Amino acid sequence: MKKERYLSLIYLIPWIIGIVVFVIYPFAMSFYYSFTDYSMLSSPQFIGLANYKKMFFVDPNFWQSFWATVKFVVLTVPAKMVFALFIAYIMNAKLKGIGFFRTAYYIPSILGANVAIAVLWQFLFKNDGLINMIMERVGLQGFGWFSSPTGAMFTIVLLRVWQFGSAMIIFLNGLAEIPSELYEAASIDGASKFRQFFSVTLPMLSPVIFFNLVLQLVQGFQEFEGPFLVTGGGPMRATYLLPMYIYDSAFKTFDMGYSSALSWVLFVLIMIFTAILFKTSKKWVFYADGGNK
Amino acid sequence: MAIIRKVKTMKIKGFVISVITVGAALLSLSACSNKKSTDSDNGDKVTIRMSWWGGDSRHKAMQAAIKAFEKKNPNITVKTEFGGFDSYQEKLTTQLSGGTAPDVMRIDGNWITTYKDQLVDMSSMGKELGASNFTKDKLAAAKVDGKQLGMPVSTIYRQLFVNKSALAKYGVAEPKTWEDLFAARSKLPNDVFPFYSYYQPKSVTSLLLLQIMAEQTGKPVGNADNKLLYTKKDFTKAVKYYKSLVDKKITPSKKEIDNSGIVEGAPFPGIVNQKWLSLFSWNTDINVFATQFEDMGATLDIVPALTMKNGKSTGELSKPSAFYSIPKSSKHQQAAAKLINFMLNDPTAAKLQKVENGVPDSKVARNTLEKAGLITPLMKKSLKIAEGTVDTKMANVYRWDQPTTMEAASDAFTQLDYGKTDVDGAATLLYNAFKEQESEFK
């Protein structure tokens, strides 16, 4: 048995090397660098908590990025979840040609955020863009989307919500797993479609919702491309999310120590939100087998 | 069971032996390659790496020149690493940090002070590099603390490109002074601007600030030891001037730029719609803008940098476009120097690269291009203007265009344009950032 254990360990060596070199080592080093003044071009100098002190008590850009990130997550995640579930519910219908629509709705997620999407978003939201043209046609006044902090945040939230494909696919799988007998029983009991959705679909889907929620939450906190390409973090840093600040600190000003400290704060932030979700999940997530069994 | 155990034990032993054998083989291979590398400069075959940034046409031209170099030097193979400007510096800094930077690196003029501790001092390699083909002042641009840390590729100039057709449409003469721009305002519709200073979409350039300050004060930003020469008062005066450009609608405000639909990597709507009548930019952008102007049926012209009433400088600022440098980690410094010399000075290389890297600083390369008629008429005009009016006192201004000062300029002008700060607040922000940069130079 002992030798078998050694053998399995040997087989695991490539994976262990991978995780140590590419995950644990960088993870530990970034924690160490967060206590240093490190420009990448000279040896790191240990400065204790100076980076964290600067972040919390001196640097106004940090708090602006912090709140912008929280605002982005709070706005994006629920909107994307509701929208993805709504579309998945429709896409779950057994209709002819539904496969085409499932693919079509997934396309925005494949596109990601690139220069073409940035051009499209500018075309939609610039001063003389399509949205303002429509607004003016219906008698409303055009709006400076990219020069208003709220407007700019709305544009990047919308970009992420529009890319709901992956969340939709997960919901679709979850919906397909719900036994049809439950709906039949509910129908016999006289439950309307509306009632069936809230009393059958949502409870049965709650583990999938929970999974999707955690996934979207983590992705939301790591949002980079949208603000980087569409708003450039502006106006006046209103959409300057933490990942963008981390990137700029690391690769524009080459302050790797400060960038590492920012990364750790973002990590802790994600951990706190995820922990809250896990803690509350006991109250709203239902497993058909009772869970944990 | 015993047999199975024996087989397993043998397997483990076999595995361990294999690992040791493969490891030993790899070690001996690397020893071989190390041996080769130490012998490289004595005529043995070597492989070196070269990196640069640019567009497709530059990549093709550089690759053709490198092929010609390999043909001439069959003992040297050159591996190339190239791409766009975006993220080039990130990659290079990471490579320098890890000691894996290419043997010949193209670096931006601004970066030489940042990388000064990582670069080879080329002072003693003058012959190998063909340094006699360069004037003293061109070489001086790549000198830091008395060390020759790079070889200059070309010099670029900040110039004003005007939309000749649109100016004629509105009955506006080509501007010569800032005052001409103010005078043109009354002839233009509200949404047409006489001037736009291009540097980076989404951010207001610190170069416009430096331009105004050069003309107002007649002083460069710092002296030879990078000591800041501008006072808080100088910054206040410059910010006030910038504000008047925005208030009088001479240039679009940051707010207007944000809403104009501008995207990095795409033609600017202001240019395409012919609503920005002149562009203040580096003359390396001539071809890009000339093509865009042609596409919209307009004619581009170049005029000297705008001067100011009672100004103390011509305002014609220059900057080395790039340097070729060798990192200290290079094991093939002689081969790298040979490649740099070829790329900068060899007539064949010059003809192959044309003006893809700007008009070369190397005298022999420039003569070759001029004789072969490879410098476009527009570029010739640009150079004639620039070289006739360049303010040499301002030769080091570009060194202050660093992330700290750029960010401060962007923040200061954005806050000012959005009404979140006043002239004094913006000037204080700028002054503090330039003081911070001064300490970073040390």
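## Reading a two-chain predicted model, one feature at a time

User: I've landed on Asn310(B), which sits in the loop between strand 9 (300-303) and strand 10 of chain B. What is phi of Asn310(B) near?

Analyst: Before we start, keep in mind that this is a predicted model. Phi of Asn310(B) is near 60 degrees, which is a positive value in a residue other than glycine. Lys354(B) also has a positive phi, near 45 degrees, and again the residue isn't glycine. You'll find Lys354(B) in the loop between helix 14 (347-353) and helix 15 (363-371) of chain B.

User: How do I read accessibility here? Does Asn310(B) count as buried or exposed?

Analyst: The idea is to compare a percentage with two cut-offs: under 20% is buried, over 50% is exposed, and in between is partly exposed. Asn310(B) has 70% relative accessibility, so Asn310(B) counts as exposed. Lys354(B) has 44%, so Lys354(B) is partly exposed.

User: And which class does Gln89(B) get at 15% relative accessibility?

Analyst: Gln89(B) counts as buried, because 15% is under the 20% cut-off. Gln89(B) belongs to helix 3 (residues 88-98) of chain B. Setting aside neighbours within four places in sequence, Gln89(B) touches Phe254(A), Trp111(B) and Tyr115(B).

User: Phe254(A) takes us over to the other chain. How many residues of chain A and chain B are in contact?

Analyst: Start with the residue count on either side: 29 from chain A meet 29 from chain B. Next comes area: the two chains bury about 2,600 Å² between them, with 63% of it on carbon and sulfur atoms. Then look for specific pairs. The rule finds two salt bridges across this interface, and Glu407(B) forms a salt bridge with Arg237(A), whose closest N and O atoms are 3.1 Å apart. There are also eight residue pairs in polar contact between the chains, both residues at pLDDT 80 or more.

User: Which helices of chain A supply at least two residues of the side that touches chain B?

Analyst: Those are helix 1 (2-33), helix 5 (115-125), helix 11 (225-231) and helix 12 (242-251). Sorted by class, that side of chain A has 16 nonpolar, eight polar and five charged residues.

User: I'd like to look at a peptide bond too. Where is Pro235(A)?

Analyst: Pro235(A) is in the loop between helix 11 and helix 12 of chain A. For the bond itself, read omega: from Gly234(A) to Pro235(A) it's near 0 degrees, and the peptide bond is cis.

User: Back to chain B. Into which domains is chain B divided?

Analyst: Domain 1 covers 46-153 + 321-379, and domain 2 covers 156-318 + 385-441. Their centres, taken over C-alpha atoms, are 29 Å apart. The contact takes 17 residues from domain 1 and 13 residues from domain 2.

User: What do domain 1 and domain 2 of chain B bury between them?

Analyst: About 1,200 Å², 47% of it on carbon and sulfur atoms. The salt bridge count between these domains is one, and the rule finds seven residue pairs in polar contact, both at pLDDT 80 or more. On the side of domain 1 that touches domain 2, the elements giving two or more residues are helix 5 (136-140), strand 4 (143-144), strand 10 (318-325) and helix 16 (377-389) of chain B. That side has eight nonpolar, five polar and four charged residues.

Methods:
Residues numbered from 1 in each chain as written. Chains lettered and ligands numbered in written order. Predicted model: local features only at pLDDT ≥ 70, side-chain atom pairs only at ≥ 80, totals over all residues. Heavy atoms only, no water. Contact = heavy atoms within 4.5 Å. Buried area = accessible area lost by both parts, 1.4 Å probe. Salt bridge = Lys/Arg side-chain N within 4 Å of Asp/Glu carboxyl O. Polar contact = N/O pair within 3.5 Å; in protein donor to acceptor, adjacent residues only side chain to side chain. Helix = DSSP H or I, 4+ residues; strand = E, 2+ residues; numbered from the N terminus. Nonpolar A, V, L, I, M, F, W, Y, C, P; charged D, E, K, R; others polar. Buried < 20%, exposed > 50% of the residue type's maximum accessible area, 1.4 Å probe, protein only. Domains from an automatic or database assignment.
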